[in-house]
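Take a moment to look over the sequence and the model before reading on. The paragraphs below then go through a few places in turn, starting from a single residue and widening out to the whole chain.

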Amino acid sequence: MKLDLKIQPLSSWITAKKQPLLIAGPCSAETEEQLVATAHLLAKTGRVTALRAGIWKPRTRPGEFEGIGSIGLEWLKRAKAETGLPTAVEVATGKHVEEALKAGVDIFWVGARSTVNPFTVQEIADALKGVDIPVMVKNPVNPDLSLWIGALERINNAGITKLAAIHRGFSSFEKTAFRNEPMWDLAINLKTHAPDLPIINDPSHISGNRELIPYVSQKALDLDMQGLMIESHIDPSVAWTDAKQQLTPAALDDLVGRLTLRQPETASSEVKDKLAELRNQIDKLDDLVIQKLAERMQIVEKIGQYKKDNGITILQVNRWDEILQKRTQYGKALKLEADFTEKLLELIHSESIRKQTEIMNQSQAPVQEKLTHA
Ligand SMILES: O=C(O)C(=O)C[C@]1(C(=O)O)C=C[C@@H](O)C=C1
């Protein structure tokens, strides 16, 4: 299902200084000097399109630094006047929106902890009514695509057409190398629902540490995301928040300079032809895969009917385990990752169970009818 968002193309409301589009700045505005000095160094790289800084910070526990507050808006004004960089802040209430608008902030973003709450998003959307300002909506903390879409729709319904999504990763119970699991599939899914909606990647919050940022940034660009939002602090070692994931402006410059930029399309007819030929091969194989899956399901249905007639349960753990073991081994021999083969088989098995459940639940009414007429 395609989303009905009324949006303007990214290039009509933001001009990237250089590719990729880069929004950078400290996690938090701490002091006027820290913010302004960071902004100057970022501007000097010639790569940064907008300066970000958190001034209202939603924190997990009370007592942590909750942002410098409204005074930070004055510092942002100064940083903008001195560097020419447009500014971006997170807004989490209607009051934040009012104050940031008054202070001439150029771009707003809705944070992950706000996106989870439709009341908060609606309050922000209501405060934005009648205003023509770019808004970027971070994914919700939990991996829920509908919540992300819902927040984008609420902001869009308020008349905001300069709209983008920010992919900052998702909380997960399982601890991995990432601070927030990228769950790239969710961002890809959003792109499938809204192909024209720009997605900016936030490698800082996905990574949670400087070391992973290059990998995440490159992957985001290779997945055709339209830009990066990266936290940068003049001296990350003394940062009040997110010290481990911030980069100095020089390190940021170096990192972004090393990224490889690839295009979604090519002008070369030779490359286009070669791609078309390979895609043709994929089309044929995909058709074959679908055809074989359909044949498999027909047999599953026959087995389902047979089980029903003979009072046999749907789930056959031993048989299922045998399939899983043998096919995964076979897949491995053919250079398929075991994890991939297992996931594919699990999907097929759950569809088999769904189909056989349907068969088991089919009423016997027609047979009984015949009996009564006889
Ligand atoms: O072998 C069966 O009994 C089936 O119904 C087929 C099948 C399958 O899809 O392969 C489905 C359900 C069972 O749990 C085991 C295997």
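In this predicted model, a good place to begin is D224, which counts as exposed because 12 other C-beta atoms lie within 10 Å of its own, and a residue is called exposed when that number is 12 or fewer. D224 lies in the loop that runs between helix 9 (213-222) and strand 8, and its phi is near 65°, a positive value in a residue other than glycine. Most residues other than glycine have a negative phi.

A second residue with a positive phi is D242, where the angle is near 50° and the residue is again not a glycine. D242 is found in the loop between strand 8 and helix 10. Is D242 buried or exposed? It has 20 C-beta neighbours inside 10 Å and therefore counts as buried, since the cut-off for burial is 20 or more.

The loop between strand 8 (227-231) and helix 10 (249-257) also holds I234. This isoleucine is buried, because 21 other C-beta atoms lie within 10 Å of its own. Which residues does I234 contact, once its neighbours within four places in sequence are left aside? They are Q34, A37, T38, L41 and T248. Of the pair I234 and Q34, one can add that the two residues are 200 positions apart along the chain, while their C-alpha atoms are separated by 6.7 Å.

Another local feature of the backbone is found at P20, in the segment before strand 1 (21-25). The peptide bond that joins Q19 and P20 is cis, with omega at about -5°. Most peptide bonds are trans.

From these single residues we can step back to the chain as a whole, whose secondary structure comes to 14 helices and 8 strands. The domain assignment of the protein chain gives domain 1, covering residues 10-257, and domain 2, covering residues 269-370. The C-alpha centres of domain 1 and domain 2 lie 42 Å apart. Along its principal axes, the C-alpha trace of the chain spans about 90 × 50 × 40 Å, and the radius of gyration is 26 Å, whereas a compact globule of 374 residues would have a value near 21 Å. Buried residues make up 33% of the 374 residues. Among the contacts with a separation of 6 or more, 71% are between residues 24 or more positions apart.

The UniProt record, an unreviewed entry, carries the annotation "coiled-coil region" for residues 268-295. In the model, this span is 96% helix and 0% strand, and its end C-alpha atoms lie 40 Å apart.

The last stop is the ligand, and here one may ask which residues surround it. The shell consists of V300, I303, L315, Q316, R319, W320, I323, H349, S352 and I353. The elements that give two or more residues to this shell are helix 11 (269-310), helix 12 (317-333) and helix 13 (338-361). Sorted by class, the shell has 6 nonpolar, 3 polar and 1 charged residues.

Technical notes. Residues are numbered from 1 along each chain as its sequence is written. This is a predicted model: local features need pLDDT of at least 70, side-chain atom pairs count only at pLDDT 80 or more; totals for chains, interfaces and linings use all residues. A residue is near a molecule or strand if its C-beta atom, placed from the backbone, lies within 6 Å of it. Helices (H or I, at least four residues) and strands (E, at least two) are DSSP runs, numbered from the N terminus. Ala, Val, Leu, Ile, Met, Phe, Trp, Tyr, Cys and Pro count as nonpolar, Asp, Glu, Lys and Arg as charged, and the others, Gly among them, as polar. Two residues are in contact if their C-beta atoms, placed from the backbone, lie within 7 Å. Domain bounds come from an automatic or database domain assignment. UniProt positions are given in the numbering used here, feature names are shortened, and annotations may be inferred rather than shown by experiment. The radius of gyration is taken over C-alpha atoms; the globule rule is 2.2 Å times the number of residues to the power 0.38.
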